[in-house]
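Reader: I should like to go through this model with you, one point at a time. Please give the reasoning before each result.

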Amino acid sequence: KVKKHSTGPLVFSDHGKPLIGARVSRRFNEAVTAAKVPRISFHEMRHTHATLLLKKGISPKVVQERLGHSNVSIPLQTYSHVLPSLQADAAKALNSLF
């Protein structure tokens with residue numbers, strides 16, 4: 001769970017207590033181990049999250065807000081590798097209207 005705070009977004013445990021610094025990484029690693037999924041870094045998970053949202057057609061503005069970027073150009077530049085397939089999907093969607 002993420003909640004805005006004066007110092008920025010905070011991550012909370014399922015018990016409602018804020019997780020800070022290494023505790024976030026430790027809880028993330030525990031969750032990965034418990035889920036028996038391939039281990040990836042917290043940053044890789046964030047990147048995957050953004051990429052999957054963009055591939056599903058979610059607005060880059062929404063992705064920007066979810067990642068906490070100050071400007072929509074940041075995810076557009078960072079995840080530009082996803083955009084060519086979005087262009088093809090947009091062309092297919094428009095074609096289906098005719």
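Reader: Does L83 count as buried, partly exposed or exposed?
Author: The model is a predicted one, and L83 lies in helix 5, residues 83–96. The relative accessibility of L83 is 25%. Buried means under 20% and exposed means over 50%, so L83 counts as partly exposed.

Reader: How far apart in space are L83 and L54, C-alpha to C-alpha?
Author: Along the sequence, L83 and L54 are 29 residues apart. In space, their C-alpha to C-alpha distance is 7.8 Å.

Reader: Which order do the elements of the chain follow from the N terminus on?
Author: The chain holds 5 helices and 3 strands. Read from the N terminus, the elements run β-β-β-α-α-α-α-α.

Reader: How is helix 2 oriented with respect to helix 3, roughly parallel or roughly antiparallel?
Author: Two packed helices are described by the distance between their axes and the angle between them. For helix 2 (residues 42–55) and helix 3 (residues 60–67), the axes come within 9 Å and cross at roughly 160 degrees. Angles over 145 degrees count as roughly antiparallel, and therefore helix 2 is, with respect to helix 3, roughly antiparallel.

Reader: What is the handedness of that crossing, and how many nonpolar residues does the contact of helix 2 with helix 3 have?
Author: Helix 2 passes helix 3 in a right-handed crossing. From helix 2, the residues R46, H49, A50, L53 and L54 take part, and they meet P60, V63, R66 and L67 of helix 3. By class, this contact has 2 charged residues, 1 polar residue and, as the number requested, 6 nonpolar residues.

Reader: Which element gives the largest share of the largest nonpolar core?
Author: In soluble globular proteins, nonpolar side chains tend to be buried together. Here the largest nonpolar core has 7 residues, namely A50, L53, L54, V63, L67, Y79 and V82. Two or more of these residues come from each of helix 2 and helix 3. The largest share, 3 residues, is given by helix 2.

Reader: With which residues is A50 in contact, leaving aside its neighbours within four places in sequence?
Author: A50 belongs to the largest nonpolar core. With neighbours within four places in sequence left aside, the contacts of A50 are V63, L67 and Y79.

Reader: Is Q64 buried or exposed?
Author: Q64 lies in helix 3. Beyond four places in sequence, Q64 touches H69, S70, N71, V72 and P75. Its relative accessibility is 6%, and because buried means under 20%, Q64 counts as buried.

Reader: What is the phi of K36, and is K36 buried or exposed?
Author: K36 is in the loop between helix 1 (22–35) and helix 2. Most residues other than glycine have a negative phi. The phi of K36, however, is positive, near 55 degrees. At 74% relative accessibility, K36 counts as exposed.

Reader: What separation is found between the C-alpha atoms of S41 and N29?
Author: S41 also has its place in the loop between helix 1 and helix 2, and is partly exposed, with a relative accessible area of 33%. S41 and N29 are 12 residues apart along the chain, and their C-alpha atoms are separated by 8.6 Å.

Reader: What percentage of the residues in the chain is buried?
Author: The chain has 98 residues. Of these, the buried residues make up 19%.

Conventions
Residues are numbered from 1 along each chain as its sequence is written. This is a predicted model: local features need pLDDT of at least 70, side-chain atom pairs count only at pLDDT 80 or more; totals for chains, interfaces and linings use all residues. Side-chain values use heavy atoms; hydrogens and water are left out. Axes are lines fitted to C-alpha atoms, for helices over the stretch in contact, and angles run from 0 to 180 degrees between N-to-C directions. Helices (H or I, at least four residues) and strands (E, at least two) are DSSP runs, numbered from the N terminus. Angles under 35 degrees count as roughly parallel, over 145 as roughly antiparallel, 65 to 115 as roughly perpendicular and the rest as oblique. A crossing is left-handed if the near helix is turned anticlockwise from the far one by less than a right angle, and right-handed if clockwise. Contact means heavy atoms within 4.5 Å. Ala, Val, Leu, Ile, Met, Phe, Trp, Tyr, Cys and Pro count as nonpolar, Asp, Glu, Lys and Arg as charged, and the others, Gly among them, as polar. A nonpolar core is a set of buried Ala, Val, Leu, Ile, Met, Phe, Trp, Tyr and Cys residues joined through side-chain atoms within 4.5 Å. Buried means under 20% relative accessible area, exposed over 50%, partly exposed in between (1.4 Å probe, protein chains only).
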